[in-house]
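Here is a small set of exercises to work through with the structure open beside you. Try each task before you read its solution.

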Amino acid sequence: MGLNVMILGTDGFGKKALMAEVEERCAAAGVPVKRVTWQRVLEEAANTGRLGEYPYDELARLWLELFPVFFADADIDGRLLDPPRSIAELAESDLMARLHGADIRGMRAVSPLATGWLEMAGHTLLQDAVVRPLVAEGHVVLSESLGVKNVIKSLFMAEFCAPEEGAALSAVRSHVQEYFGRALAPELGIYLKEDPAAVLAAKGAESIGVFDNFRAFGGDPGTTFLQLQSSCLEVFEEFAWTHGWVTVDVRDTDPSGQERAAEAMAEAILTAARHGSAPIDRPGGKSVARQ
C-alpha cells in the first residue's frame with residue numbers, strides 16, 4: 001500500500017542526515033521509502049534525459065524562475081543577477097555559493113511574495129504529477145521538506161521589508177496553511193520540533209544560507225535567522241496541531257537524541273504503511289517527546 005509522508009521543520013539542523021537514517025530503518029524493516037524533493041526530481045530527470053517531458057519541463061521552468069523573481073532588480077556585488085537559463089547551467093553555476101557571501105542591496109517586498117506563489121505552484125504540481133502517482137503505484141514517498149515552509153518564509157521576508165502590510169500578510173499565511181494542510185494533505189505528516197538558537201550556536205551566523213534569514217534585506221545574519229526561524233516555528237506548531245501531524249522532538253542534538261528521533265519517525269511511517277492511514281485533518285497530532 002502506498003503512503004504519502006511529509007516532513008516539516010525549520011532550517012539548519014540537518015534533516016538530510018536524519019532522513020537518510022529513517023530511510024535505512026524503514027528499508028531494514030521491509031518498507032523501502034522513496035525520498036522526493038523538487039530539486040531531486042529535476043536532477044533525476046536531467047540524468048535520465050526526461051527534462052523535456054511533462055511534468056519535469058514545467059517543474060524546471062518554475063524552478064529557474066525562482067531566482068530572477070526573488071532577486072529581480074536587486075544589486076548583487078555591484079551588478080544584476082545573471083540567472084541560469086537551464087538546469088544544467090544552474091548545476092554548473094555554483095550560484096548558491098556565490099550568493100552566500102554576496103553583498104545584496106535593493107531587495108523589495110514584492111519579490112519574496114511573488115516567489116512564494118511560484119513555490120505554491122511548483123509544490124502543487126510536484127504533489128499532483130509526481131508524488132501522488134508514486135503513491136498510487138504502491139510507493140511509500142517521503143517528502144523531505146513540505147512546500148509550506150518556503151512559502152511561509154517568503155511571506156515573513158515580505159513582512160520584514162514592509163511591516164505595514166503585516167495584517168494582510170498574516171491573512172495570506174492562514175490561507176497558505178489551509179491550502180497545504182487540507183488540499184495537499186498527506187496520509188502522514190511529521191513535524192520536527194527544533195530549537196533555532198541551538199542551530200545557530202552549532203553552525204554560526206556565517207554559515208547560514210541567504211534564504212534562511214533576512215540578510216538579503218539588510219538584516220543581521222544571526223539575529224534575523226533567529227527572528228525568521230522562531231516566527232516560522234510558531235506557525236509550524238499551529239499547523240501541526242491543527243492538521244493532526246505527529247510531532248517528533250529533535251532538539252536533543254546528541255547522537256542518542258537523534259537516534260531516538262529517527263526511531264520515532266520510522267515507527268510512525270512503518271505503522272501507517274502497514275495498517276493504512278486516512279488523510280489527516282483532525283486537530284491535535286500525536287507528540288513524540290524525548291525519552
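A polar contact is a pair of N or O atoms within 3.5 Å; within protein, one must be able to donate a hydrogen and the other to accept it, and residues adjacent in sequence count only if both atoms are side-chain atoms. The model is predicted, so local features need pLDDT of at least 70 and side-chain atom pairs count only at pLDDT 80 or more, while totals for chains, interfaces and linings use all residues. Residues are numbered from 1 along each chain as its sequence is written, and side-chain values use heavy atoms, with hydrogens and water left out.

**Exercise 1. Glutamine 229**

Find the backbone oxygen that the side chain of glutamine 229 reaches, and describe the surroundings of glutamine 229.

Step 1. Place the residue: glutamine 229 lies in helix α10. Helices (H or I, at least four residues) and strands (E, at least two) are DSSP runs, numbered from the N terminus.

Step 2. Check its accessibility. Buried means under 20% relative accessible area, exposed over 50%, and partly exposed in between (1.4 Å probe, protein chains only). With a value of 1%, glutamine 229 is buried.

Step 3. Look for the partner: the backbone oxygen of aspartate 212 is 3.0 Å from the side chain of glutamine 229.

Step 4. List the contacts, where contact means heavy atoms within 4.5 Å. Setting aside neighbours within four places in sequence, glutamine 229 touches Thr10, Asp11, Pro196 and Asp212. Two of these names return in a network of salt bridges that links Asp11, Lys149, Lys153 and Asp212.

**Exercise 2. Helix α10**

Test the span of helix α10 against its expected value, then inspect its ends and its buried residues.

Step 1. The expected span of a helix is 1.5 Å times one less than its number of residues. For the 22 residues of α10 (residues 221–242) this gives 32 Å, and the end C-alpha atoms are 31 Å apart, so the two agree.

Step 2. At the start of α10, the backbone nitrogen of glycine 222 has a side-chain oxygen of aspartate 220 within 3.3 Å. After the helix comes glycine 244, with a positive phi near 70°.

Step 3. The buried residues of α10 include Phe225, Leu228, Cys232, Phe236 and Phe239. The partners against which the buried residues of α10 pack are β1 (3–8), α7 (147–161), α8 (166–183), β6 (188–193), α9 (196–203) and β7 (246–249).

**Exercise 3. Cysteines**

How many disulfides does a search of the whole structure find?

Step 1. A disulfide is a pair of cysteine sulfur atoms within 2.5 Å. The search returns zero.

Step 2. Take cysteine 161: its closest cysteine sulfur, in cysteine 232, is 15 Å away, which is too far for a bond.

Step 3. Compare their settings. Cysteine 161 is partly exposed at 30%, whereas cysteine 232 is buried at 0%.

**Exercise 4. Salt bridges**

Examine the salt bridges of arginine 25 and arginine 85.

Step 1. A salt bridge is a side-chain nitrogen of Lys or Arg within 4 Å of a carboxyl oxygen of Asp or Glu. The count by this rule is 17.

Step 2. Arginine 25 pairs with glutamate 259 at 3.8 Å, N to O. Glutamate 259 sits in helix α11 (residues 255–275) and arginine 25 in helix α1 (residues 15–28), so the pair ties together parts that are 234 residues apart in sequence. Glutamate 259 is partly exposed at 43%, and arginine 25 is partly exposed at 26%.

Step 3. Arginine 85 forms a salt bridge with aspartate 82 at 3.2 Å and another with glutamate 89 at 4.0 Å. Arginine 85 is exposed at 59%, while glutamate 89 is partly exposed at 32%.

Step 4. Aspartate 82 lies in the loop between β3 (75–76) and α4 (87–93) and is exposed. The C-alpha atoms of aspartate 82 and proline 68 are 8.0 Å apart, with their positions 14 residues apart in sequence.

**Exercise 5. The whole chain**

Decide how the radius of gyration of the protein relates to the globule rule.

Step 1. Start with the inventory: the protein has 11 helices and eight strands.

Step 2. The radius of gyration is taken over C-alpha atoms, and the globule rule is 2.2 Å times the number of residues to the power 0.38. The radius is 19 Å, close to the 19 Å the rule gives for 291 residues, so the protein is as compact as a globular protein of that length.

Step 3. Round off the picture: the C-alpha trace spans about 55 × 45 × 35 Å along its principal axes, and 50% of the 291 residues are buried.
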